[in-house]
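Colleague: I should be grateful for a close look at a single part of this model. Please begin with one residue and its setting, and then take up the surroundings in turn.

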Amino acid sequence: MAAATADADAAEVERLYELGERLSSAKDKSEHAADYEAIIAAVKGNSVKAKQLAAQLIPRFFRSFPALGTRAMEAMFDLVEMEELAIRIQAIRGFPLLGKDAEFVSKIADILGQLLASEENVERDAVHKALMSLIRQDVKNSLQPLFKHVESGTEIREKVICFLRDKVFPLKAELLKPQAEMERYITDLIKKSVLDVTGSEFKLFMDFLRSLSIFGDSAPRESFQELIEIIQAQADLDAQFNVSDIDHIERWISCMYMALPIFMRGGSSSKFLNYFVKQIVPVFDKIPEEKKLDLLKTIAASSPYAAAQDSRQLLPSVVQLLKKYMPGKKVEDINHYYVECLLYTFHHLAHKTPNTTNSLCGYKIVTGQPSDRLGEDFSDNYKDFTERLTGTEDTVRAASKRLTQGMADFNKAISSAKNEEEKTKIKADQQKSTMTMRAYNNILAMSQPLHVKSPSFIGDKKITLSWMEQPKKPAATTAGGKRTQPATNGNGPASKKGRGEGGMQNQLVNRAFEGLSRGGRGSGRGRGRGGRGRGWGYR
């Protein structure tokens with residue numbers, strides 16, 4: 001019985017070889033349609049080797065028999081579903097030859113996309129190569145079904161995203177031609193795909209979009225605003241803020257960080273800031289403590305790029321929060337990071353609309369506009385605000401003195417540490433104390449100018465927030481040489497190579513997306529498909 005089966009298999013393989021040779025030598029292959037049909041029919045047979053050979057021959061002669069194209073394609077689809085690995089791999093390798101006909105490209109890309117889930121390394125490698133070959137032939141019709149898997153949330157969406165990240169995105173210069181047309185095409189695909197993604201997936205797609213020339217340094221401001229609108233949609237700025245929805249808070253913070261480099265390049269922060277004023281500030285007390293500081297950091301980091309109109313709307317909320325966290329008299333300690341963020345925000349906003357502080361803080365700043373309100377008496381506001389500044393300064397100076405005394409012992413403690421674990425813990429405490437001291441120094445530097453009736457607000461790069469990368473000291477000057485300017489943060493134009501944003505903004509974005517993971521959305525507010533549960537996991 002086994003011998004008979006082997007003989008039958010051998011005979012079937014020999015027959016297919018003969019059919020293939022006849023087709024190869026035929027000058028007019030269309031006259032041999034029956035031979036090609038016989039090769040297609042072999043897919044339904046029992047011989048593994050014959051099926052493997054058919055997987056080679058069907059693509060080889062595919063273009064010579066357009067009338068049999070659909071049958072040939074269906075036979076290839078049957079082959080990639082078979083149990084035998086060798087058959088599947090042979091069929092996968094043949095798919096790019098079938099893809100030379102545009103009408104089949106999308107179908108093939110769809111099937112290959114599904115095969116990315118293969119657990120066999122050799123099969124998955126064959127799929128990668130076949131997909132890349134297909135994409136090089138027809139970028140549009142190949143990418144569209146792949147992004148459809150991401151958009152529709154099929155089980156293999158993560159595999160597809162990894163393929164795009166590792167294989168497609170790095171070759172954008174080669175694949176996206178003509179450049180402007182194809183960059184616009186892939187941008188539209190991504191915009192549909194990010195309606196429901198995890199935080200890390202969203203960062204991946206946004207980083208790729210920012211790398212495209214249509215969003216480059218020379219792009220019009222409208223292009224940057226398009227990126228901002230994508231981020232705004234992800235942040236759910238049209239939704240009512242729910243203080244118990246931690247996922248929404250985390251997404252808002254992460255999206256705000258993501259938008260910061262784009263604010264620097266001209267994108268508008270108006271919708272984010274208005275949402276903060278109207279939705280978040282009224283319930284700020286109810287927000288979990290571990291999220292409050294993150295929220296204040298995003299506002300502080302974005303304040304140098306706020307428009308004057310938005311600054312005017314945001315300032316009352318900032319003053320309201322300052323009064324909450326600045327004591328009217330000396331106390332044991334304050335939440336120094338909160339105060340640092342709020343004072344930094346206050347200065348940058350007030351720098352753009354100084355006379356708004358007349359009614360809020362009782363200052364006497366003259367701009368010649370009716371909004372100066374110089375004829376009204378706000379002396380009580382001035383007295384209250386400056387008393388709070390004094391109480392804060394006294395508290396910070398005392399706390400700073402205590403901290404200075406404690407910091408002197410760190411080096412001695414490190415030297416006497418018994419093991420590396422203990423040494424690491426001491427160094428971490430030292431770093432934390434150093435950052436606290438920076439915050440104290442910043443608070444004093446920002447509060448002291450605010451005691452006069454007509455203060456000058458800090459709107460430049462003089463202050464580097466304690467939690468930001470600290471500017472390097474300028475290099476020593478030589479005779480006739482120019483002083484090297486340190487990298488600092490604040491408002492003002494970014495340098496051509498983006499070094500102004502590199503220290504701060506890259507740090508912010510990386511900070512925002514550390515530890516992003518999948519998880520359920522607290523509100524079940526999934527986009528488009530009822531919410532598959534893409535968690536943001538901001539920490």
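**Serine 303 and selected helices and loops**

Modeller: In this predicted model, serine 303 counts as buried because its relative accessibility is 2%, under the 20% limit. The residue is placed in the loop that joins helix H16 (289-302) to helix H17 (308-325). A polar atom of its side chain lies 2.7 Å from the backbone oxygen of alanine 300. Leaving aside residues up to four places away in sequence, serine 303 touches Tyr344, Thr345, His348, Leu349 and Lys352.

Helix H17, on one side of that loop, also packs with helix H15 (residues 270-280): the two axes come within 10 Å and cross at roughly 35°. This crossing of H15 and H17 is left-handed. From H15, the residues taking part are Ser270, Leu273, Asn274, Phe276 and Val277, and they meet Asp310, Gln313, Leu314, Ser317 and Leu321 of H17. By character, the residues of this contact divide into five nonpolar, four polar and one charged. In an α-helix, residues three or four places apart point the same way, because there are 3.6 residues a turn.

Another helix to consider is H6 (residues 102-115), which has 14 residues. From its first C-alpha to its last, H6 reaches 20 Å, close to the 20 Å expected at 1.5 Å a residue. Its buried residues are Phe104, Val105, Ile108, Ala109, Ile111, Leu112, Gly113 and Leu115. The cover over these buried residues of H6 includes helix H4 (69-79), helix H5 (85-98), helix H7 (121-137), helix H8 (139-152) and helix H9 (157-168).

Three further loops, like the one that holds serine 303, deserve attention for their backbone. Between helix H10 (172-175) and helix H11 (179-193) lies proline 178, and the peptide bond leading to proline 178 from lysine 177 is cis, with omega near -5°.

Aspartate 236 belongs to the loop between helix H13 (221-234) and helix H14 (246-264). Although aspartate 236 is not a glycine, its phi is positive, at about 60°. With a relative accessible area of 11%, aspartate 236 is buried.

Arginine 373, in the loop between helix H19 (356-361) and helix H20 (379-407), likewise has a positive phi in a residue other than glycine, near 55°. At 37% relative accessibility, arginine 373 counts as partly exposed, whereas serine 303 is buried at 2%.

Methods. Residues numbered from 1 in each chain as written. Predicted model: local features only at pLDDT ≥ 70, side-chain atom pairs only at ≥ 80, totals over all residues. Heavy atoms only, no water. Helix = DSSP H or I, 4+ residues; strand = E, 2+ residues; numbered from the N terminus. Buried < 20%, exposed > 50% of the residue type's maximum accessible area, 1.4 Å probe, protein only. Polar contact = N/O pair within 3.5 Å; in protein donor to acceptor, adjacent residues only side chain to side chain. Contact = heavy atoms within 4.5 Å. Axes fitted to C-alpha atoms, helices over the stretch in contact; angles between N-to-C directions. Left-handed = near helix turned anticlockwise from the far one by under 90°. Nonpolar A, V, L, I, M, F, W, Y, C, P; charged D, E, K, R; others polar. Expected span 1.5 Å × (residues − 1).
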